[in-house]
Number of protein chains: 2
Amino acid sequence: MSPERPGPVAAVPVGTASGTYPVLVGNGLRARIPRFLGEYAPGYRYAVISDERVAELYGRSTVDACRRAGLKADLYSFPEGEASKTRDSWSRLTDSLLADGLGRDGVVVAVGGGVTGDLAGFVAATYLRGIPAVQVPTSLVAMIDASVGGKTGVDVPSGKNLVGAFHPPRVVIADPETVATLPRRERAQGLAEALKHGAVLDRPYFERLTDGAEALLAGEPDATYAAVLRSVELKARVVSEDEREEGHRQVLNFGHTLGHALEAASDYELGHGSAVAAGMVLEARLGERLGITEPGTGGFLRQALSPFGLGEVPKRAWDMDAVLRYLVSDKKVRSGRPRYVLLERLGVIHREGGWSHEVPDQDVREVLQEALHEG
Amino acid sequence: MSPERPGPVAAVPVGTASGTYPVLVGNGLRARIPRFLGEYAPGYRYAVISDERVAELYGRSTVDACRRAGLKADLYSFPEGEASKTRDSWSRLTDSLLADGLGRDGVVVAVGGGVTGDLAGFVAATYLRGIPAVQVPTSLVAMIDASVGGKTGVDVPSGKNLVGAFHPPRVVIADPETVATLPRRERAQGLAEALKHGAVLDRPYFERLTDGAEALLAGEPDATYAAVLRSVELKARVVSEDEREEGHRQVLNFGHTLGHALEAASDYELGHGSAVAAGMVLEARLGERLGITEPGTGGFLRQALSPFGLGEVPKRAWDMDAVLRYLVSDKKVRSGRPRYVLLERLGVIHREGGWSHEVPDQDVREVLQEALHEG
């Protein structure tokens, strides 16, 4: 990677049932959005959707740049935060677009973090039964994870992301420089998903991430570019094989079964990355108990994650029954039973009998018991 | 067609981006639903969705039959009528399914008319980002039109069907006998779409329908079977070629541009079939004005539709500006302009320059003026 501008630009192809779209990764790419829209998603009018904070940082300037380039574009915003990822916000955004007469030849441009990508993506997926979407992730977690793979959706009272659709974008435009404006804590949340990619698919990548923890946590653009690119490559490979998560894509759920349940049981006070990282450690321990995962993997993960401030279940008054209840309301439940992705060892998934597994309740309970009450 | 039971059963294949599904048409098929579910949509649990009236007629007995056949099945119902086809009903049904723990291995079975198919189909399309759906249309319009082609959705304040998704079912089970339980007026509404199929694609079929008007309006099973089968064949052919309505499928919108606007401007007091039938006559007249449609076609259509009680714009205090406003909020708007499907003559679509066309506002206004104030 060169520190000069313009830096390298990579285009990673992602295959879907209906064709292939590129994830463009490059420092400074945000300046070229209008050109990419014209090239990958020609439309009569562009609806740029951002939360109120990102609207000020990048949304407004994207609209202005589009207009200067001769494109019709308007900005739509919603209040910042996961609490906005609801059917209500989706309805309000949809109704605004309808009121403005956006037609089937309109395009939704999601500029923001994971919440924006999911929410605006779901607006696009269901607007007039589906119009094109472009994803412009501005947070690390959105670049590394959420913007690749076409998942869109909203949260409902029963849980996160339980309502949604697969709606692959026409193009993803990821500019790692925007990550520098995030708080350090938020970068750590994004790095949890990168570490997961390494843990399930690419041990050398996992090690590069832990070796470069400080530069990544600081949002240093070249280090961030390298991590975003590798994570996008890994995720694109898996998603291209299995868009609908019927097979290989399930490996990306490592850490997510227990992670989601902890996140929900904490009333979402626990960040998604923190929850997933803690879930990875616990699911590694679960695999060890079952004789599937190499002994010591849970402990190793916990140590490796600690420079990122990740991997521990934070002390709080956990309600074990709530955690167990959320396990059963998870999307990954099959035949009424939660499913777990298990490691054989770091970088290698246990595939015998499928990509995910049922495990005895008692083992789950004991791993949780130990974690929720340790320390 | 034979009057004995069991009568003929046809399986019409419909092609989609993700494979092919059959529309099964046969008198008495409703008794074999559990077998078809096992064959075409194996699942861990079935959520049968009906409006409250159809729940009593067919929904409850479908659930009972499933249970007797060893399938897990539950009934979910909502208040009858188009007023239920909302995001609120969709949310409530979704939340009920989530509360009952329906997983990704669940299947939605929509038993009912067009509202149920669209609403339950949209629940399935967005539940955990999409689970399989089975359509069991019980009204004529649902059999003939709505259940073929994978369109799902709900109405919003700006208009009908403006929010939704393409979600092809695993199988459609159409039993024309159920049409006999409908009021005659409702059968006429369904026949409007059948007549449209004939008008745009198959003049001999149009003539068979008008010749057999009395038997069809009476819901006679063999006549109904023949009409359902031919309409399904015609629609399946078009939809298989062009699932997303980017080309040929647009011809099915004949009568719908003006029809939808009239329907909306009447506050939906005008039935969909009545609106479409009146729209066909008006769009034929529009084509005549433009020198595209064979002279006399509008008058011929109006006469041919009259035994069905269709084809006239009913007298009421029409608000011309409202009609024109709804024209521009239509889904088919492109570059901010409404689009019209135009006939060359009965059974033949005008294809020069595309499947649908912009026309001068003044011509639309004059055709409407004449129709809204005639008589």
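At roughly what angle do the axes of helix 1 (residues 33–40) of chain B and helix 2 (residues 52–68) of chain B cross? Keep that question in mind as you look at the close-ups below, which show a predicted model.

**View 1. Helix 1 of chain B crosses helix 2 of chain B at roughly 65°.**
Here is the answer to the opening question: the two axes come within 8 Å and cross at roughly 65°. The crossing of helix 1 of chain B and helix 2 of chain B is right-handed. On the helix 1 side, look for I33(B), P34(B) and L37(B); on the helix 2 side, look for T62(B), A65(B) and C66(B). Sorted by class, this contact has 5 nonpolar residues, 1 polar residue and no charged ones.

**View 2. Helix 1 and helix 2 of chain A also cross, at roughly 65°.**
Now move to chain A, where the axes of helix 1 (residues 33–40) and helix 2 (residues 52–68) come within 8 Å. This crossing is right-handed. The touching residues are I33(A), P34(A) and L37(A) from helix 1 of chain A, with T62(A), A65(A) and C66(A) from helix 2 of chain A. Of these contact residues, 5 are nonpolar, 1 is polar and none is charged.

**View 3. Helix 10 of chain B meets helix 13 of chain B at roughly 125°.**
Two packed helices are described by the angle between their axes and the distance between the axes. For helix 10 (residues 256–265) and helix 13 (residues 320–328) of chain B, the axes come within 8 Å and cross at roughly 125°. Because of that angle, helix 10 of chain B counts as oblique to helix 13 of chain B. Their crossing is right-handed. Helix 10 of chain B contributes T257(B), H260(B), A261(B), L262(B), A264(B) and A265(B), while helix 13 of chain B offers A322(B), V323(B), Y326(B) and L327(B). The classes here are 8 nonpolar, 2 polar and no charged residues.

**View 4. Domain 1 and domain 2 of chain A touch each other.**
The domain assignment of chain A gives domain 1 (9–182) and domain 2, which is written in two pieces (195–218 + 245–373). Taken over C-alpha atoms, the centres of these domains of chain A are 29 Å apart. Each domain of chain A gives 7 residues to the contact. On the domain 1 side, the largest share, 4 residues, comes from strand 8 of chain A. That side of domain 1 of chain A divides into 2 nonpolar, 3 polar and 2 charged residues.

**View 5. Chain A and chain B are related by a turn of 180°.**
Two copies of a chain are related by a rotation about an axis and a shift along it. In this model, chain A can be laid on chain B with an RMSD of 0.0 Å, by a turn of 180° and a shift of 0.0 Å along the axis. That is why the axis is called two-fold. To find the axis from chain A, start at A17(A): in chain A, its C-alpha is the nearest to the axis, at 3.7 Å. The same surface serves both copies, with 100% of the contact residues of chain A recurring in chain B.

**View 6. The contact between the chains takes 36 residues from chain A and 36 residues from chain B.**
On the chain A side, the elements giving two or more residues are helix 3 (87–99), helix 4 (114–126), strand 7 (151–156) and strand 8 (159–166) of chain A. Helix 3 of chain A provides the largest share, 6 residues. What classes of residue make up this side of chain A? It divides into 15 nonpolar, 13 polar and 8 charged residues.

Conventions
Residues are numbered from 1 along each chain as its sequence is written. Chains are lettered from A and ligands numbered from 1 in the order in which they are written. This is a predicted model: local features need pLDDT of at least 70, side-chain atom pairs count only at pLDDT 80 or more; totals for chains, interfaces and linings use all residues. Copies are superposed by least squares on the C-alpha atoms of residues with pLDDT of at least 70 in both. Two residues are in contact if their C-beta atoms, placed from the backbone, lie within 7 Å. Ala, Val, Leu, Ile, Met, Phe, Trp, Tyr, Cys and Pro count as nonpolar, Asp, Glu, Lys and Arg as charged, and the others, Gly among them, as polar. Domain bounds come from an automatic or database domain assignment. Axes are lines fitted to C-alpha atoms, for helices over the stretch in contact, and angles run from 0 to 180 degrees between N-to-C directions. Angles under 35 degrees count as roughly parallel, over 145 as roughly antiparallel, 65 to 115 as roughly perpendicular and the rest as oblique. A crossing is left-handed if the near helix is turned anticlockwise from the far one by less than a right angle, and right-handed if clockwise.
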